Amino acid sequence: MVHELSRTDARRVAVRAQLLANPRPTDLLEMVRHLTVLQRDPTATVAPNADLVAWSRLGDAFAPVDLDAAIEAGELVELEGFLRPATDLRLFRAEMARWRGEGGELANWQEAALEWVEVNDECRRDILDRLRDEGPLPTRDLPDTTVVPWRSSGWNEGRNVRLMVEQLVRRGEVAVAGRDGRAPLWDLAERVYPDTETVPWPEAVRIRAQRRLRALGIARPKSTAVPGEPNDVGETGEPATVEGLRGTWRVDPVYLEELENSNDPSDVFPGRTVLLSPLDRLVFDRKRMADLFDFDYQLEMYKPAAKRRWGYWALPVLHGDRLVGKVDAQADLDAGLLRVHAIHEDGGWPPAIRTAVHREIRALAHWLELEPDLPN
């Protein structure tokens, strides 16, 4: 059976799945287990991404020290730039073995990376020995004894150690053990990761796709490949079409059941007004965002200032089940202000939305322990 969803239903599934409706979640670890990942991006124009994503769900009940404590306690681990529940490592160990060449076919680019590590095995061993004796250490303190440099078009020129460490992380030999400011500190993975079982590769792929769909609610079976956490879910869930959109989607059956139980037209969607990180999973897949929410948005930090429409790190605004605008904000810690350079209203807002957005800006400033500085 192929389910038929209205665009409104599809949006509401996505919002509920990302824990952006009422009631708010109340437990940080349960929130991360549901979302499966928190992207740990160092950009902190307003707040670090992982902190901002957690605040948008938990509100003032969340403090960044709570996240730090969960990492310190080993309840969350960082893997390729994403914080994950430590118990989920069992779903990645088979993939780590594949990166070591221990079973399973690899894509051509993966084969090339494996061959590069093998050619530079002396450097690999030198890094592991240094970490065993002195770790945790930042990248700059690790030896570069590569005999064949990484072939690069220019972007990674001279970054052999960083690229070797990336491969050792993928192989499950090295892990992030902490941070010195924004710089990761590396150590032997056996001293960072908990001892877990290894779920066989096909089953691990299936479980990860199921959990990803539970976190996204609705997604395409296939999507553009991105580093880190994928945006597609394969054939998990149930097939659906969305009004006005081409192709088939996959929907988690839990949310389909919720839709069936809320067919009363008098039901009011328990939405909230939320300021989102530009890297929030609700908007991270820009194609999915445009399809479901008809929302025009790009992260403009890499554009020249004169070509930006919304701002360097503009925060998408969710109101109920619609993305309705952007808030160009910056935390000025020296001045003690959350500077709001502009509020972009898509299509013009009624007073109720404007009031709700201003309230959320003040809530964000309060959480940051700053004063809101709004435009006149």
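Here is a short conversation about a predicted model of a protein chain.

Trainee: How many helices and strands are there in the protein chain?
Mentor: Good place to start, and keep in mind that this model is predicted. Both kinds of element are present in the protein chain. The count comes to 13 helices and 15 strands.

Trainee: What radius of gyration does the protein chain have, and why is it called as compact as a globular protein of that length?
Mentor: For 376 residues the globule rule gives 21 Å. The value for this chain is close to that, so the chain is as compact as a globular protein of that length. Its radius of gyration is 22 Å.

Trainee: What share of the residues of the protein chain count as buried?
Mentor: A residue counts as buried when its relative accessible area is under 20%. Applied to the 376 residues of the chain, that cut-off gives a buried share of 48%.

Trainee: Which strands stand at the edges of the open sheet, and why is one side of each left without a neighbour?
Mentor: The sheet has 5 strands in the order E11-E12-E13-E14-E15, with mixed pairing. An edge strand here has a single partner strand, so one side of it lacks a neighbour in the sheet. The two are E11 (273-275) and E15 (371-373).

Trainee: In E13, which residue is the bridge partner of Pro-316?
Mentor: Strand E12 covers residues 315-319 and strand E13 covers residues 322-332. They pair in the antiparallel sense over 5 bridges. The bridge partner of Pro-316 in E13 is Lys-326.

How values were computed:
Residues numbered from 1 in each chain as written. Predicted model: local features only at pLDDT ≥ 70, side-chain atom pairs only at ≥ 80, totals over all residues. Heavy atoms only, no water. Pairing = 2+ DSSP bridges. Helix = DSSP H or I, 4+ residues; strand = E, 2+ residues; numbered from the N terminus. Rg over C-alpha atoms; globule rule 2.2 N^0.38 Å. Buried < 20%, exposed > 50% of the residue type's maximum accessible area, 1.4 Å probe, protein only.
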